[in-house]
Amino acid sequence: EEIDDLPNLHLDASFVTNELAMLLQAARGCALEPGMLLRKLCERRLALRACKELLSDAFDDSTRVLLSEARCLAAHLQVLEDLQKRSVSGQSRPALPEDSRIEGLREELAVIQKAGLLSAK
C-alpha cells in the first residue's frame, strides 16, 4: 500500500490545507495517482472514525471531534466525486448541490485538477 496511515495530515472541509497540497505534489512525484491516494486516505479514516463512534457510548467532546472529522472526510470525498462527474460530463457547474461550507475546497481542488496534479478517477 502507498499509505497505511497519515495521522498527522490535517484536512479542512473549507479549503485545501498546505499539508494536503504537499501530499498531492509528492504523490505525483512518486508516480502515484494523487486523486486515488486522497480517496483511499479519506475512506480509511472515515471507516476508522465510524468504528470509534460505534465504540463510544456517550456523546461527549471526543465524540463531537470524531463527528467533525467524519464530516470533513466526507466533504473531501464529495468534492472528489463531484470533480469526477464534472470531468466525465464536461459540466462547468458542480454536479452536486452547492454547499457554501465546502465551496472553497471545491474551487481549490478544481484548480489543482486543472494543473494536472489531481485526476478525477
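Let us start with helix 4: at 1.5 Å a residue, its twelve residues should span 16 Å, and the end C-alpha atoms are indeed 16 Å apart, so expectation and model agree. The buried residues of this helix are Leu 105, Arg 106, Leu 109, Ala 110, Ile 112 and Gln 113. They cover an arc of only 160° around the axis, which puts them on the same side of helix 4. Val 111 and Lys 114, on the other side of helix 4, are exposed. Just after the helix, Gly 116 takes a positive phi of about 90°.

A word on the model itself: it is predicted. The chain averages a pLDDT of 79, and 77% of the residues score at least 70. Among the elements of the chain, helix 4 (residues 103-114) has the highest mean pLDDT, 90, while helix 2 (residues 34-55) has the lowest, 80. Where pLDDT is low, the predicted coordinates should not be read in detail.

Stepping back to the whole chain, the secondary structure comes to four helices and zero strands, which along the sequence reads α-α-α-α. Of the 121 residues in the chain, 36% are buried.

Helix 1 (residues 18-29) can be read in the same way as helix 4. With twelve residues at 1.5 Å each, helix 1 should span 16 Å, and its end C-alpha atoms are 16 Å apart, which agrees. Its buried residues are Leu 20, Leu 23, Leu 24 and Ala 27. These cover an arc of only 95° around the axis, which puts them on the same side of helix 1. Turned away from that buried side is a face with the exposed residues Asn 18, Met 22 and Gly 29. Just after helix 1, Ala 31 takes a positive phi of about 65°.

Here are the two helices together:

| Helix | End C-alpha distance | Arc of the buried residues | Positive phi just after the helix |
|---|---|---|---|
| Helix 1 | 16 Å | 95° | Ala 31, about 65° |
| Helix 4 | 16 Å | 160° | Gly 116, about 90° |

Finally, a look at a pocket. The second largest pocket has a volume of about 180 Å³. Its lining is made of Ala 13, Arg 71, Cys 72, Ala 75, Gln 78, Asp 99, Arg 101 and Ile 102. By type, the lining of this pocket divides into four nonpolar residues, one polar residue and three charged residues.

Methods:
Residues are numbered from 1 along each chain as its sequence is written. This is a predicted model: local features need pLDDT of at least 70, side-chain atom pairs count only at pLDDT 80 or more; totals for chains, interfaces and linings use all residues. Side-chain values use heavy atoms; hydrogens and water are left out. On a 1 Å grid over the protein atoms alone, a cavity is a set of points where a 1.4 Å probe fits but cannot get out, and a pocket is an open set with protein on both sides within 12 Å along at least five of seven lines; lining residues have an atom within 4 Å of a point. Grid points are joined across faces, edges and corners, and a volume is the space filled by probe spheres set on the points. Ala, Val, Leu, Ile, Met, Phe, Trp, Tyr, Cys and Pro count as nonpolar, Asp, Glu, Lys and Arg as charged, and the others, Gly among them, as polar. pLDDT is the predictor's confidence in each residue, from 0 to 100. Helices (H or I, at least four residues) and strands (E, at least two) are DSSP runs, numbered from the N terminus. The expected span of a helix is 1.5 Å times one less than its number of residues. Buried means under 20% relative accessible area, exposed over 50%, partly exposed in between (1.4 Å probe, protein chains only). The arc is that of the directions from the helix axis to the C-beta atoms.
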